[in-house]
Amino acid sequence: MDIMQSLQGVDDFLLYFATAVVAEAIFVALYMAVTPHHEARLIKAGNTAAAVSFGGAVIGFTLPLASAIAFNVSLPGTVVWAVVALVVQLAVFLLTNLFLRDLSRRIEEGDLAAGITVAVASLVSGMVSAVCMTD
């Protein structure tokens with residue numbers, strides 16, 4: 001096998017990888033802007049509930065993003081599905097906040113049950129979103 005033939009898809013890999021990194025950065029920035037609590041500060045302070053909640057949201061976004069990359073035929077299609085995944089994750093946080101009153105305060109106080117609930121809701125919605133994006 002020729003080395004040049006092996007590297008044929010590197011340009012597409014780099015393009016989709018860069019798109020995924022930018023999408024993740026946008027998601028993190030928007031998610032942190034929408035949630036009333038300050039995830040970065042709480043995580044740096046050792047707040048496990050914030051770390052679990054935020055980690056679940058990031059994975060919940062990444063699952064459908066990976067599915068969009070794997071099953072879409074175009075970069076614009078991948079970007080559209082990334083936006084859909086982002087909106088779903090933001091909606092999940094807002095809906096979970098309706099279910100668990102004072103969610104941000106509870107996370108700030110280190111309530112692990114609240115953090116796990118957000119993480120599970122984020123992961124479940126991410127998994128379902130990822131499956132819905134396949135052909």
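A helix here is a DSSP run of H or I with at least four residues, and helices are numbered from the N terminus. The model is predicted.

**Exercise 1. The loop residue D102**

Task: Find where D102 lies, then classify its exposure and its phi.

Solution.
- Step 1. Place the residue. D102 sits in the loop between helix 5 (75-99) and helix 6 (103-108).
- Step 2. Take its relative accessible area, which is 47%. Buried means under 20%, exposed means over 50%, and partly exposed is in between. D102 is therefore partly exposed.
- Step 3. Look at the backbone. Phi of D102 is near 60°, a positive value in a residue other than glycine.
- Step 4. Set this against the general rule. Most residues other than glycine have a negative phi.

**Exercise 2. The whole chain**

Task: Describe the chain by its helices and strands, its span and its surface.

Solution.
- Step 1. Count the elements. There are seven helices and zero strands. Along the sequence the pattern reads α-α-α-α-α-α-α.
- Step 2. Take the span. The C-alpha trace extends about 55 × 30 × 25 Å along its principal axes.
- Step 3. Turn to burial. Of the 135 residues in the chain, 36% are buried.
- Step 4. Turn to the surface. The chain exposes about 7,600 Å², and carbon and sulfur atoms supply 73% of that area.
- Step 5. Check the contacts. Take those with a separation of 6 or more: 74% of them join residues 24 or more positions apart.

**Exercise 3. Helix 4 against helix 7**

Task: How are helix 4 and helix 7 oriented to each other, roughly parallel or roughly antiparallel?

Solution.
- Step 1. Identify the pair. Helix 4 covers residues 48-71, and helix 7 covers residues 112-132.
- Step 2. Take the geometry. Their axes come within 7 Å and cross at roughly 0°.
- Step 3. Apply the cut-off. Angles under 35 degrees count as roughly parallel, so helix 4 and helix 7 are roughly parallel to each other.
- Step 4. Name some residues in the contact. Helix 4 contributes, among them, A49, V52, G56, G60 and L63. From helix 7 come residues including G115, A119, S122, L123 and G126.
- Step 5. Sort the contact by type. It holds 13 nonpolar, nine polar and no charged residues.

**Exercise 4. Two residues of helix 7**

Task: Classify G126 and S125 as buried or exposed, and list their contacts beyond four places in sequence.

Solution.
- Step 1. Start with G126, which lies in helix 7. Its relative accessibility is 0%, so G126 counts as buried.
- Step 2. List its contacts. Leaving out residues up to four places away in sequence, G126 touches G60, L63, P64 and Q89.
- Step 3. Compare sequence and space. G126 and G60 are 66 residues apart in sequence, yet 4.1 Å apart in space, C-alpha to C-alpha.
- Step 4. Move to S125, also a residue of helix 7. S125 has a relative accessible area of 14%, so it is buried.
- Step 5. List its contacts. Outside four places in sequence, S125 is in contact with V88, Q89 and V92.
- Step 6. Add the polar pair. A polar side-chain atom of S125 lies 3.0 Å from the backbone oxygen of S122.

**Exercise 5. The glycine G46**

Task: Which loop holds G46, and is G46 buried or exposed?

Solution.
- Step 1. Place the residue. G46 lies in the loop between helix 3 (39-44) and helix 4.
- Step 2. Take its relative accessibility, 52%. Exposed means over 50%, so G46 counts as exposed.
- Step 3. Check a distance. G46 and V21 are 25 residues apart in sequence and 25 Å apart in space, C-alpha to C-alpha.

How values were computed:
Residues numbered from 1 in each chain as written. Predicted model: local features only at pLDDT ≥ 70, side-chain atom pairs only at ≥ 80, totals over all residues. Heavy atoms only, no water. Axes fitted to C-alpha atoms, helices over the stretch in contact; angles between N-to-C directions. Helix = DSSP H or I, 4+ residues; strand = E, 2+ residues; numbered from the N terminus. Parallel < 35°, antiparallel > 145°, perpendicular 65-115°, else oblique. Contact = heavy atoms within 4.5 Å. Nonpolar A, V, L, I, M, F, W, Y, C, P; charged D, E, K, R; others polar. Buried < 20%, exposed > 50% of the residue type's maximum accessible area, 1.4 Å probe, protein only. Polar contact = N/O pair within 3.5 Å; in protein donor to acceptor, adjacent residues only side chain to side chain. Areas by Shrake-Rupley, 256 points an atom, 1.4 Å probe, with all protein chains shown as cover.
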